[in-house]
Amino acid sequence: MSSEIATAVPPEQRTDTAVQIDGVRKSFSGTVALEPVWLKIRRGEFLTLLGPSGCGKTTLLNLIAGFLDADKGELFIDRSLVTQVPPHKREIGIVFQNYALFPHMSVAQNVAYGLRTRRVSKAETEARVRETLALVKLEDFADRRPRQLSGGQQQRVALARALVIRPRVLLLDEPFSALDRNLRTAMQVELKEIQSCLGLTTVFVTHDQSEALSMSDRIAVMSRGRIRQIGSPGEIYDRPQNRFVSTFVGDANLFDATLLETSGDAASIDVAGTRVWLRTYQDEMPEPGAVTLFVRPEKCRLTRAGQAGTLPATVALSVYQGSHAELHLDCSAARDGRVMLRVPASEALPVGTAVGIALPDAGAALYAMEGETE
Ligand SMILES: Nc1ncnc2c1ncn2[C@@H]1O[C@H](COP(=O)(O)OP(=O)(O)OP(=O)(O)O)[C@@H](O)[C@H]1O
Ligand SMILES: [Mg+2]
């Protein structure tokens with residue numbers, strides 16, 4: 001495997017584009033599955049498409065692979081236009097959720113398949129199959145049939161089959177969703193290690209936010225055929241730019257609020273009669289008027305009941321989580337009447353306790369009310 005590209009330059013600092021998607025759109029019999037998308041995937045980065053079922057993740061992946069033709073728009077891989085190039089000529093490795101191995105072939109034959117169709121010599125094929133099986137830790141399984149392997153092992157074969165052709169881009173569509181939790185975590189670590197060691201440009205599809213947060217250099221959060229935000233896991237988690245992203249990734253507390261005035265990134269708001277100034281991080285401040293205030297649980301602070309400037313609330317439920325407890329509070333100022341906070345397990349409060357919720361000075365966002373139906 002060539003690993004010269006390697007990891008000397010951290011992915012977030014690379015500017016070289018491996019895949020460029022320019023206004024690519026796809027509809028199926030009149031229904032739009034993917035609105036026009038513009039996206040530059042950097043060389044060597046691990047980019048995740050994250051979003052709920054039906055948002056267009058697989059459609060976008062299949063357009064990159066060439067299994068689907070775009071209605072309009074253009075696609076470049078390594079700067080060459082590939083919109084009209086068939087899948088097998090795009091030099092792309094693909095792993096699906098269902099392993100899609102050939103049942104009548106051995107592991108080695110499965111892995112060798114892409115080299116046979118590319119007319120690679122027998123000696124080189126053998127060497128590359130051996131090398132790739134070692135990479136996925138299946139050296140000793142070369143002669144087995146897929147049905148003699150566990151789910152995790154079958155998925156490693158699928159990964160080896162995609163890697164052996166030395167793809168320009170690796171595409172993975174929910175590759176671990178059929179595996180149980182422990183195996184899934186182990187496979188995530190292994191894939192990430194292989195990917196960063198090879199410096200391989202990777203597009204990974206999942207609807208699992210924790211998988212996306214833990215594996216990605218960047219995440220593109222999608223809903224209804226659109227990319228709603230793209231950024232590093234930290235940016236997506238700490239600075240969601242719209243309500244959809246704030247609630248789809250991580251836990252969100254949302255309050256109905258009125259934006260009174262702004263000064264730079266600071267905003268004066270009224271939440272159920274409590275007035276506070278807070279600094280927001282968002283790119284665009286909404287117009288004064290009715291807004292949604294977004295605050296992560298860890299940014300809210302618990303105070304004693306009745307403290308000035310805090311929101312009155314009552315403990316409704318305390319959920320023990322080992323290292324901490326989740327306190328679910330009834331709070332009439334909250335959008336759905338509930339606020340969630342985390343406290344050290346030893347500080348959990350009994351149900352019925354009256355408390356105050358102090359909003360943070362910074363690290364919150366205000367979202368406009370319109371377009372919130374997603
Ligand atoms: N071949 C097809 N014919 C008609 N409609 C399709 C086809 N493929 C996808 N769609 C529709 O396009 C939309 C996007 O589908 P897509 O498979 O890309 O979603 P997804 O994000 O991968 O969802 P999931 O997480 O469930 O796999 C959906 O509404 C889906 O029903
Ligand atoms: Mg899908």
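For sorting residues here, Ala, Val, Leu, Ile, Met, Phe, Trp, Tyr, Cys and Pro count as nonpolar, Asp, Glu, Lys and Arg as charged, and the others, Gly among them, as polar. Welcome to the views of this predicted model.

**Figure 1. The protein chain as a whole, with its eight helices and 20 strands.** Let us start with the overall picture. The C-alpha atoms fill a box of roughly 80 × 45 × 45 Å along the principal axes. Of the 374 residues in the protein chain, 49% are buried. Contacts often join distant parts of the sequence: among those between residues at least 6 apart, 67% link residues at least 24 apart.

**Figure 2. The largest cavity and its lining.** How many cavities of 30 Å³ or more are there? The count comes to one. The largest cavity has a volume of about 60 Å³. If you would like to find the residues around it, look for V24, L63, L68, D69, A70, L75, T83 and R90, which line this cavity. By type, the lining divides into five nonpolar residues, one polar and two charged.

**Figure 3. Helix α1, residues 57-65, and the glycine that follows.** Eight of the nine residues of α1 are buried, so this helix is largely enclosed by the rest of the structure. The buried ones are K57, T59, L60, L61, N62, L63, I64 and A65. You have already met L63, in the lining of the largest cavity. After α1 comes G66, with a positive phi near 95 degrees.

**Figure 4. Helix α3, residues 122-135, and its two sides.** This helix has 14 residues and reaches 20 Å from its first C-alpha to its last, close to the 20 Å expected at 1.5 Å a residue. Which residues of α3 are buried? They are T125, R128, V129, T132 and L133. These residues cover an arc of only 130 degrees around the axis, which puts them on the same side of α3. It helps to remember that an α-helix has 3.6 residues a turn, so residues three or four places apart point the same way. On the other side of α3, you will find A123 and R130 exposed. The buried residues of α3 pack against α2 (107-117) and α4 (151-163). Just after the helix, K137 takes a positive phi of about 60 degrees.

**Figure 5. S150, in the loop between α3 and α4.** Following the chain onward from α3 brings you to this loop residue. S150 counts as partly exposed because its relative accessibility is 36%. Another residue to pick out in this view is K192, 42 residues away along the chain. The C-alpha atoms of S150 and K192 are separated by 21 Å.

**Figure 6. Helix α4 and what it packs against.** The helix has 13 residues and reaches 18 Å from its first C-alpha to its last, close to the 18 Å expected at 1.5 Å a residue. Is α4 mostly covered or mostly uncovered? It is mostly covered, with 12 of its 13 residues buried. Those residues are G152, Q153, Q154, Q155, R156, V157, A158, L159, A160, R161, A162 and L163. Their packing partners are β6 (92-95), α2, α3, β7 (169-173) and α5 (181-198).

**Figure 7. R166 and A272, two loop residues with positive phi.** As background, most residues other than glycine have a negative phi. R166 sits in the loop between α4 and β7, and its phi is near 55 degrees. With a relative accessible area of 37%, R166 is partly exposed. A272 belongs to the loop between β12 (266-271) and β13 (274-279), and its phi is near 45 degrees. Is A272 buried or exposed? At 58% relative accessibility, A272 counts as exposed.

**Figure 8. P312 in strand β16, residues 311-320.** This proline is exposed, at 61% relative accessibility. What does P312 touch? Leaving aside residues up to four places away in sequence, P312 touches D330, C331 and V355. Look as well for G363, which is 51 residues from P312 along the chain. The C-alpha atoms of P312 and G363 are separated by 21 Å.

Note on methods: Residues are numbered from 1 along each chain as its sequence is written. Chains are lettered from A and ligands numbered from 1 in the order in which they are written. This is a predicted model: local features need pLDDT of at least 70, side-chain atom pairs count only at pLDDT 80 or more; totals for chains, interfaces and linings use all residues. Side-chain values use heavy atoms; hydrogens and water are left out. On a 1 Å grid over the protein atoms alone, a cavity is a set of points where a 1.4 Å probe fits but cannot get out, and a pocket is an open set with protein on both sides within 12 Å along at least five of seven lines; lining residues have an atom within 4 Å of a point. Grid points are joined across faces, edges and corners, and a volume is the space filled by probe spheres set on the points. Helices (H or I, at least four residues) and strands (E, at least two) are DSSP runs, numbered from the N terminus. The expected span of a helix is 1.5 Å times one less than its number of residues. Buried means under 20% relative accessible area, exposed over 50%, partly exposed in between (1.4 Å probe, protein chains only). The arc is that of the directions from the helix axis to the C-beta atoms. Contact means heavy atoms within 4.5 Å.
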